[in-house]
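Here is a friendly walk through one model, with a stop at a few residues, a pocket and the nonpolar cores. Keep the 3D view open as you read.

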Amino acid sequence: MAIILAPGPSVLFAIARAIAWGRASAVITVAGNAIGMLVLAVFVAVGLGPLISTSDLLFFAVQFAGGLYLVWMGIDAIRHRADSAAEMTSTPNGQLSLSKNLREGFWVGFLNPKAIVFFAAIFPQFVDRELGSVTLQLLSLGAVFAVLAFLSDGTWALAAGTARKWLSGEPHRLEKLRYIGGLVMILLGVAIMIPLLLS
């Protein structure tokens with residue numbers, strides 16, 4: 001939940017859409033994004049589940065890579081926070097249809113290479129191989145993640161749509177959000193790696 005709440009790529013996408021086209025457009029986009037992430041999580045679970053259920057070394061490597069990836073994402077978010085803020089405050093002309101919002105949200109969620117690595121590296125942290133099917137556990141985690149992401153990102157979208165003028169007029173506020181999100185990701189990544197190194 002901490003990872004979902006942190007202002008990362010999905011949150012920033014929802015905020016940018018809310019600033020550009022308003023709350024309704026942003027929430028529909030968030031729904032598409034959650035569906036795309038769920039479909040992606042299914043592919044990751046089916047491909048990764050059988051592998052990590054049989055190899056202790058791979059299981060450790062995937063968990064450690066997850067921690068490293070979170071740290072890298074956090075550093076990258078902090079380094080590029082000004083660029084992200086500028087991109088988010090640009091408001092194009094016109095309106096998007098419901099289907100286009102949903103479709104664009106889906107493809108952003110499904111084709112995001114960071115999400116592929118994220119699911120493959122983070123979900124195994126919560127897998128208990130003694131409980132049985134790793135693939136089924138990964139599928140369950142994907143479903144839970146998609147629902148929580150929709151609720152969280154949808155809340156961000158509604159809030160950003162309400163504060164549309166306030167956010168678009170002051171990019172420094174968006175930079176601070178990006179900085180906080182990056183810091184949270186770094187701390188979570190370190191928290192994952194330290195126990196692995198000490199065990």
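Leaving out residues up to four places away in sequence, Asn33 touches Ser10, Gly105, Phe106, Val108, Gly109 and Asp153. The model you are looking at is a predicted one. Asn33 sits in helix 3. Is Asn33 buried or exposed? Its relative accessible area is 3%, and because buried means under 20%, Asn33 counts as buried.

Ala65 makes a useful second stop. Ala65 is found in helix 4. With 35% relative accessibility, this alanine is classed as partly exposed, because that class lies between the 20% limit for buried and the 50% limit for exposed. If you trace from Ala65 to Ala120, you travel 55 residues along the chain, yet their C-alpha atoms are separated by 9.3 Å.

Here are the two residues side by side:

| Residue | Helix | Relative accessible area | Class |
|---|---|---|---|
| Asn33 | helix 3 | 3% | buried |
| Ala65 | helix 4 | 35% | partly exposed |

Now for the nonpolar cores. How many residues does the largest nonpolar core have? It has 29, and the ones with the most contacts inside it are Ile52, Leu70, Phe118, Phe119, Phe123, Leu138 and Phe145. At least two residues of this core come from each of helix 3 (23-52), helix 4 (56-79), helix 6 (98-110), helix 7, helix 8 and helix 10. Helix 3 is the biggest contributor, giving 7 residues.

Phe119 is a good residue to zoom in on. Setting aside its neighbours within four places in sequence, Phe119 is in contact with Met37, Leu40, Ala41, Val44, Pro124 and Phe145. Apart from the largest core there is another core, made of 11 residues, including Val11, Ala18, Ile19 and Ala157.

Last comes a pocket. The second largest pocket holds about 260 Å³ of space. Its lining has 13 residues, and those nearest its centre are Met1, Ile3, Ile122, Phe126 and Phe145. Helix 1 (2-5), helix 7 (113-122), helix 8 (134-162) and helix 10 (171-198) are the elements that give two or more residues to this lining. Helix 8 supplies the largest share, with 4 residues.

What kinds of residue make up the lining of the second largest pocket? There are 13 nonpolar residues, no polar ones and no charged ones. Phe145 is worth marking in your viewer: it is among the residues nearest the centre of this pocket, and it is also one of those with the most contacts inside the largest nonpolar core.

Note on methods
Residues are numbered from 1 along each chain as its sequence is written. This is a predicted model: local features need pLDDT of at least 70, side-chain atom pairs count only at pLDDT 80 or more; totals for chains, interfaces and linings use all residues. Side-chain values use heavy atoms; hydrogens and water are left out. On a 1 Å grid over the protein atoms alone, a cavity is a set of points where a 1.4 Å probe fits but cannot get out, and a pocket is an open set with protein on both sides within 12 Å along at least five of seven lines; lining residues have an atom within 4 Å of a point. Grid points are joined across faces, edges and corners, and a volume is the space filled by probe spheres set on the points. Ala, Val, Leu, Ile, Met, Phe, Trp, Tyr, Cys and Pro count as nonpolar, Asp, Glu, Lys and Arg as charged, and the others, Gly among them, as polar. A nonpolar core is a set of buried Ala, Val, Leu, Ile, Met, Phe, Trp, Tyr and Cys residues joined through side-chain atoms within 4.5 Å. Buried means under 20% relative accessible area, exposed over 50%, partly exposed in between (1.4 Å probe, protein chains only). Contact means heavy atoms within 4.5 Å.
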